[in-house]
Amino acid sequence: MYKIIEKERLNPTVTKMVIEAPFVAKKAEPGQFIIYRTHEDSERVPLTIADADREAGTVTIIYQIVGGSTMELDQMEAGQSICDFVGPLGVATHTEGLKKVAVVGGGVGCAIALPVTKKLFRQGAEVHAIVGFRNKDLVILEDEFKANSTKMVMMTDDGSYGEKGLVTAALERLIQEGNQYDEVIAIGPLVMMKFVCAVTKKYGIKTVVSMNPIMIDGTGMCGGCRLTVGGETKFACVDGPDFDGHLVDFDEAMKRGAMYRDFEQHAREAGCNLLNKEVK
Amino acid sequence: MAVTRNMDPKKCPMPSQDPNVRNKNFNEVALGYTYEMAINEAKRCLNCPKKPCRSACPVQIDIPAFISCVANEDLEGAYKVLSASSALPAVCGRVCPQETQCEGKCVRGIKGEPVGIGRLERFVADWHREHVTETPAAPAPNGHKVAVIGAGPSGLTAAGDLAKLGYKVTIFEALHLAGGVLVYGIPEFRLPKSIVQKEIDGLKAMGVDIECNMVIGKVLTIDELFEMGYEAVYVASGAGLPRFMGIPGESLKGVYSANEYLTRINLMKAYKDGSKTPIKHSRKVAVVGGGNVAMDAARSAKRLGAEEVYIVYRRGMEELPARKEEVEHAEEEGIIFKTLTNPVEVLGDENGEVCGMKCVEMELGEPDASGRRRPIVKEGSEFVLDVDTMIMSIGTSPNPLIRSTTPGLETNKHGCIVTNGDDGLTSREGVYAGGDAVTGAATVILAMGAGKHAAKAIDEYIKSKNA
C-alpha cells in the first residue's frame, strides 16, 4: 500500500497528490511516469511524474478527472493509502547539452512540463515557458513556472488571463523575434502537440513531445501503448513516452486514444450518480 | 501391493463442460477425473523400468512412481513424488503439452492411447489442495540471499527449489500480482486463478518473499540487487513485447495484440460484469496465429459473445503449434479455422474502426530452415474477411529493460539473454537467466525446467563461492 501524504486541489478538475513511494522517488527523473491502482479492483492508470523528493521518499502526481479511474483516485484523502504505485517507468527526458529551450505546456500537461522546465533551468539553460489554459479558473502552477524559467508566457483561450490565444501563436512569435531554440519540448493535449510540431517543423527546430496513450502493464508486455513514429511501431512504455514530434503520427494516436471513450463516459456518469446518491 | 492392470487401449476421457455451454462462460472447461476414474486410469500404467515418460519431462517427475501411488490409492504419497520435482503440479497437469512430452513417450501409446499422465497429475494436485490443509514447514535458513526477477512459472520454480535448500529468496514482480503468464495470459477457463494463487501461497509458506510493483531495470538494477546483499540473481522476466506484422491498418481501433486482449480479460477481469477495465465486445473476430495464445484469445472472444471467431494461420492444421487439446477444444466451441490464409491489410471505416481484413490464400512449398514447409502466396487469391476485431498472436520480442540497464549482460541478435548451456549462467558472474527471456516465447513447462536447472546451478555457485 502507498500512503497519500498530501492532497491539494489545484483547480476544479485538477488535483495534486504526494504519495509515499521511496523506491520510486529514489530513481524518478523528469519525463518518466508511474502506474497506479486505487483499489484491488481498479484499472491500472499511467500518470507522468510531476515531482519527486528523494529524501522524503515521496512522488508527486497531478491529475485531471477524466473518467471513472481518476474519479476513484480523487475520492481518496491524505492519510489513506492506494493499492499500487509502480515506477519510475519510461525513459527520462534528455536534457544534456541543451542551452536554450522553449517548453510548451497545455492544460494539465503543464504539470508534466514543470519538472523538465525546472531541470533545464537548474542546469543553467535559458528556458522560455509557454503555458496555456482554457480560462483563468483552470490556471495551475503559475508561480512555479515563473520561478523556474527565464521567461514565462501565459496564454488563455478566452483571454481571461495573460494573453488571449493559443500557445502556438506565442511560440511562433518568440521564434520570429529571433529566439533560436536548441529544442522545443511540448507537453499537453495531442492536438496541441500536433500544432506545436507543425510550427516548429516550418522553422526546422527539433521538437520532443510526451505521449500518453492507453496503457495497461506499462512495462513492455501488452503492446496497447503502440504508436507509429517515423513509420515504425513504437511502444510508449519502454521506447517513450518522449518521441521526436516531427515523426509521430498524431492523427492515428488521437483515434486510438478515443477507443474507449464511450466506456469512460459511462464510467464517469455512473461515478457521478454514485456521488450524487452519497450526497443525498 | 499388486494391482490388477487395466488393459483398456483408450485413456479415460476427461469430463468437460458441454461445448455449447462453456463457450458462453469463463468457468473451467475440463472438470477433472473422479476418484474412481483416476484409480482406473492409473492402473493402465505398465510401470516400465526404463521410464521413457520421465526422461521426456522437462522437470523430470518420477511419473511411474506417482502413478503407482495413485493405483494404490495413496494420493498423498503421489503428491509427495510430484512436488519433489514440480513446484506447480496443479498448473502443469492443466497446461503442459503432454502429447509431445511424457505422454508422447508412453509405451501404452504404441498400441493405443498413452496413459493420461497430465490428467492424473492434475487429479493428485487438486486432491491435495482440497484435502490437505497443513502447509509445508519453512526449511532451516542457510543464511544466503537470492533475488529472482519475475514471478512467472520460471521464477516461481527457481524460488521454490532454492527455498527448499534454505535460501532466503525474494521475487521481484513488475505487475501488481504474482503469477506472470499464469495470471495475465492463460484464461480462467483453462487455468483457474484460485489454483495459481494457492500454489503461490505454498511458496510464501516456505518463506519466499514476493515484492510486487517492482520493475527491475527501472526501480532497481541488477547491480543494485548485488549491493543489497543478494549473492545471485535469476532473471525470468518473460517474453516481452508483442510482434505485429507490419501490414497497413494495424493501428486501427479494434486491433489488439493477444497480450493486451488477454491481459484485459485475465489480469484485469474485463470479462466480469462491472469490471472497470474496458474491452471491445466484438461481433466477428480474427485471431492471427496458431499457437496456444491464439487459441486462448479466440476462445475468450467467443465467450465474450462474438458470433464468429476465426483462427487465421498461414500454414495448415497439421502445422498448428498449439497443444492438440486446445485446438480440439476450440473446434468444439465453434472457432472457425482459416488455415493456409495470411492477412495482408486491415481495413478501417471512417471512424478508424476495423471493418474487415484483406487476406490471401497460401500453399505449402519446400521445407524452410525451421524444417516446416514454407507457405507461399497463391496468385490472385485475395479476399476480404468480414471482421470488426483483429487480434495479433504472432509472437513476441524481448523486453529491453534488463539488458539495457545491466552492463556486461550478453544478448543475441534478437535481444534474448544468452546463457551458457543448460544451467542458465549468463555472461555476468552470479547472474542466471531462463524461461522466455532466454528462449523467446515458449511453454510454461520449459520455463519451469529452466528455473529448476538454474536453481541447482545457483546453489552450486553459492556453495563453491563460500567453500
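**Exercise 1. Packing of helix 3 of chain A**

Determine which elements of chain A the buried residues of helix 3 pack against in this predicted model, and how many of the residues of this helix are buried.

*Solution.*
Step 1. The partners of the buried residues include five strands' worth of segments and a helix, listed here by element: strand 4 (45–53), strand 5 (58–64), strand 8 (100–106), strand 9 (126–133), helix 4 (142–147) and strand 12 (183–187), each in chain A.
Step 2. Eleven of the 14 residues of helix 3 of chain A are buried, so that the helix is mostly covered.
Step 3. Among these buried residues are Gly109(A), Cys110(A), Ile112(A), Leu114(A), Pro115(A), Lys118(A) and Leu120(A).**Exercise 2. Length of helix 3 of chain A**

Establish what span is expected for helix 3 (residues 109–122) of chain A, and what separation its end C-alpha atoms show.

*Solution.*
Step 1. At 1.5 Å a residue, the 14 residues of the helix should span 20 Å.
Step 2. The end C-alpha atoms lie 21 Å apart, which agrees with the expected span.
Step 3. After helix 3 of chain A comes Gly124(A), with a positive phi near 95°.

**Exercise 3. The surroundings of Thr207(A)**

Decide whether Thr207(A) counts as buried or exposed, and identify what its side chain reaches.

*Solution.*
Step 1. Thr207(A) belongs to strand 13 (residues 207–210) of chain A.
Step 2. Its relative accessibility is 0%, and therefore Thr207(A) counts as buried; the limit for this class is under 20%.
Step 3. The side chain of Thr207(A) is in polar contact with that of Thr200(A) at 2.7 Å. The backbone oxygen of Ile205(A) is reached by the side chain of Thr207(A) at 2.9 Å.
Step 4. With neighbours within four places in sequence left aside, the contacts of Thr207(A) include Val184(A), Val196(A), Cys197(A), Phe243(A) and His246(A).

**Exercise 4. The interface between chains A and B**

Describe the extent of the interface between chain B and chain A, its polar links and the make-up of the side contributed by chain B.

*Solution.*
Step 1. In chain B, 41 residues are in contact with 41 residues of chain A. About 3,500 Å² is buried between the two chains, and carbon and sulfur atoms give 59% of this area.
Step 2. Asn213(B), Lys218(B) and Lys276(B) supply 19% of the area that chain B buries against chain A, more than any other three residues.
Step 3. Three salt bridges are counted between chain B and chain A. One links Lys276(B) to Glu72(A), with the closest N and O atoms 2.5 Å apart.
Step 4. The two chains also have 20 residue pairs in polar contact, both residues at pLDDT 80 or more.
Step 5. Strand 5 (241–242), strand 6 (255–257) and helix 12 (258–265) of chain B each supply at least two residues to the side that touches chain A. Helix 12 of chain B gives the most, with four residues.
Step 6. By class, the residues on this side of chain B are 19 nonpolar, 14 polar and eight charged.

Notes: Residues are numbered from 1 along each chain as its sequence is written. Chains are lettered from A and ligands numbered from 1 in the order in which they are written. This is a predicted model: local features need pLDDT of at least 70, side-chain atom pairs count only at pLDDT 80 or more; totals for chains, interfaces and linings use all residues. Side-chain values use heavy atoms; hydrogens and water are left out. The expected span of a helix is 1.5 Å times one less than its number of residues. Buried means under 20% relative accessible area, exposed over 50%, partly exposed in between (1.4 Å probe, protein chains only). Contact means heavy atoms within 4.5 Å. Buried area is the accessible area (1.4 Å probe) that two parts lose on being put together, summed over both. A salt bridge is a side-chain nitrogen of Lys or Arg within 4 Å of a carboxyl oxygen of Asp or Glu. A polar contact is a pair of N or O atoms within 3.5 Å; within protein, one must be able to donate a hydrogen and the other to accept it, and residues adjacent in sequence count only if both atoms are side-chain atoms. Ala, Val, Leu, Ile, Met, Phe, Trp, Tyr, Cys and Pro count as nonpolar, Asp, Glu, Lys and Arg as charged, and the others, Gly among them, as polar.
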